[in-house]
Each structure stands twice: as structure tokens, then as C-alpha cells.
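Good morning. I will take a few minutes to walk through one protein, starting with a single residue and then moving to the sheet.

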Amino acid sequence: MSLSQAARTNTSQITDALLSKKQMQKYVVVPKIAAIIASETNQADSTLANLTTELGDIGYNIAGVLQSPSPQATNRCNAELFCIGTGEKYTISQDLGSCSISCSLDVEALENIALKLRDSISDDTDLVIINRFGKRECSDGGFCCVIERAVELGIPVLTVVNTHFIEAWLDYGGQQVTIIENDQQQLSHWAHAVLPSIRLIAAP
């Protein structure tokens with residue numbers, strides 16, 4: 001299920017969807033559902049982690065999953081997610097054996113994590129962070145149910161999209177979504193534009 005019936009698949013529309021720094025600084029018409037563009041998706045992992053720390057320190061309630069770069073990883077089968085807040089770890093890929101030159105996503109594990117995350121979102125959640133909008137999400141699987149639950153509750157969503165999947169992301173969300181460069185300052189501007197300002201006031 002798409003977030004919008006309006007398809008946006010042209011190259012010019014991708015350019016139009018790229019949220020400008022000027023828009024974010026003015027906090028004008030900033031979509032609450034955003035994806036960081038990355039030619040290699042692991043390039044944005046540290047950006048997401050830094051934002052999570054920044055917002056958590058202020059007092060925002062963040063739900064979601066992050067993917068931590070693993071210096072010990074020798075192949076894609078070492079992919080691992082961890083839950084924001086609890087730190088619980090999840091393995092989302094499966095090793096097909098020593099004779100295999102690749103590994104495949106553990107679809108069942110991913111779907112179970114998505115359902116668990118979806119059910120954990122509440123009215124008290126300020127922001128939902130999802131490590132990727134990838135192949136499963138392009139087919140309306142994976143974390144799409146999480147995004148849709150957040151939209152129902154009016155909660156902002158942030159994820160990462162590979163350049164190969166930008167058109168699928170825009171097709172999925174239409175005018176409700178945007179894309180942001182992998183830049184910490186721009187991302188911070190977006191977050192503070194869409195999050196409730198009451199959280200920025202320090203408690204007495």
C-alpha cells in the first residue's frame with residue numbers, strides 16, 4: 001500500500017523532492033517523512049546514530065532500529081540491527097554456507113522485527129527511525145507497516161534510501177515524503193522542523 005496514489009517517478013521530480021537547506025532553515029512545508037540519500041547505505045549509519053544521540057539527549061522519545069557498521073564484518077551476512085532505547089540486537093541476514101558467494105536477507109526475521117516495532121509505536125513516540133528503505137520496502141514489505149503506523153499517528157519518520165531506490169521511495173510516498181542529503185546539519189534542521197517544539201524547552 002502506497003502512502004499516496006500520486007506516483008513520482010521522473011528524474012525532474014526527484015530533484016524537486018530533494019529538500020533544500022533553505023526550506024529546512026525556514027521550517028516551511030517540510031514533509032514529516034524523510035529519507036537520507038546514500039549511494040552506499042552504510043554511509044548514513046553514523047549520521048542516523050549521531051542524530052539519535054542528539055535528539056535523545058534533548059529528551060525526545062525515539063523508536064526504531066539502527067544498523068551499526070561492523071569492522072569485523074567480512075561479508076553481508078554480518079548485518080545486524082539494534083533497537084533504539086533497549087539496545088536489543090537482531091540479525092537480519094542468513095549465511096547460505098561456505099560455498100555461497102553471497103548471503104540473503106532473512107525475510108522472516110525482518111518481518112518479525114517490523115511487526116514488533118510497529119506495535120511499540122504509541123502517541124508518546126516523537127520520531128520513528130528505520131535503518132533502510134530497501135528491496136522489501138519497495139515491494140510494500142519490511143518496515144512499510146511501521147511507516148504506515150507512524151503516519152496514522154502523525155509521527156515523523158526518518159530512514160535511508162539507496163540511490164537505486166529513490167524512485168521507488170517517491171512512488172511509495174508521493175508528496176508526503178522527501179529526500180535529504182547525507183549531511184548532519186541539514187538532517188538536524190529537518191528534525192527540529194518536524195518534531196514538537198515543546199521538547200526543546202528544558203525541564204525546570
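**One residue, then the sheet**

D140 counts as partly exposed, because its relative accessibility is 42%, and partly exposed covers what lies between the buried limit of 20% and the exposed limit of 50%. Keep in mind that this is a predicted model.

Where is D140? It sits in the loop between helix 5, residues 135–138, and helix 6, residues 144–153. Its phi is near 65 degrees, a positive value in a residue other than glycine. Most residues other than glycine have a negative phi.

Now the whole chain. The protein has 204 residues, and 44% of them are buried. It contains 8 helices and 9 strands. Its accessible surface comes to about 10,600 Å², and carbon and sulfur atoms account for 49% of that. Taking the contacts between residues at least 6 apart in sequence, 72% join residues at least 24 apart.

Next, the sheet. In what order do the strands of the open sheet lie? There are 7 strands, in the order 4-3-2-7-8-1-9, and the pairing is mixed. The edges are strand 4, residues 89–91, and strand 9, residues 177–180, each of which pairs on one side only. From one strand to the next, the twist averages 25 degrees.

Start at the strand 9 end. Strand 1, residues 33–38, runs parallel to strand 9, and 4 bridges join the two. I36 has I180 of strand 9 as its bridge partner. Helix 3, residues 45–58, packs on the sheet and touches strand 1, strand 2, strand 7 and strand 8. The direction of helix 3 makes about 150 degrees with that of strand 2.

Now go to the other end. Strand 2 pairs with strand 3 in the antiparallel sense, over 3 bridges. Here Q67 stands opposite L81 in strand 3.

Which side chains of strand 3 are buried, and which are not? Along residues 80–83 the side chains alternate. L81 and C83 point to one face and are buried, whereas E80 and F82 point to the other and are not.

Strand 3 also runs antiparallel to strand 4, with 3 bridges between them. In this pair, F82 stands opposite K89. Strand 3 and strand 4 form a hairpin with 5 residues between the strands, and in it G85 takes a positive phi near 100 degrees. So there are two positive phi values to look up on the model: D140, near 65 degrees, and G85, near 100 degrees.

That is the end of my part.

Methods: Residues are numbered from 1 along each chain as its sequence is written. This is a predicted model: local features need pLDDT of at least 70, side-chain atom pairs count only at pLDDT 80 or more; totals for chains, interfaces and linings use all residues. Side-chain values use heavy atoms; hydrogens and water are left out. Helices (H or I, at least four residues) and strands (E, at least two) are DSSP runs, numbered from the N terminus. Buried means under 20% relative accessible area, exposed over 50%, partly exposed in between (1.4 Å probe, protein chains only). Contact means heavy atoms within 4.5 Å. Accessible areas come from the Shrake-Rupley method with a 1.4 Å probe; for residues, only the protein chains shown count as cover. Two strands pair if DSSP finds at least two bridges between them. Axes are lines fitted to C-alpha atoms, for helices over the stretch in contact, and angles run from 0 to 180 degrees between N-to-C directions.
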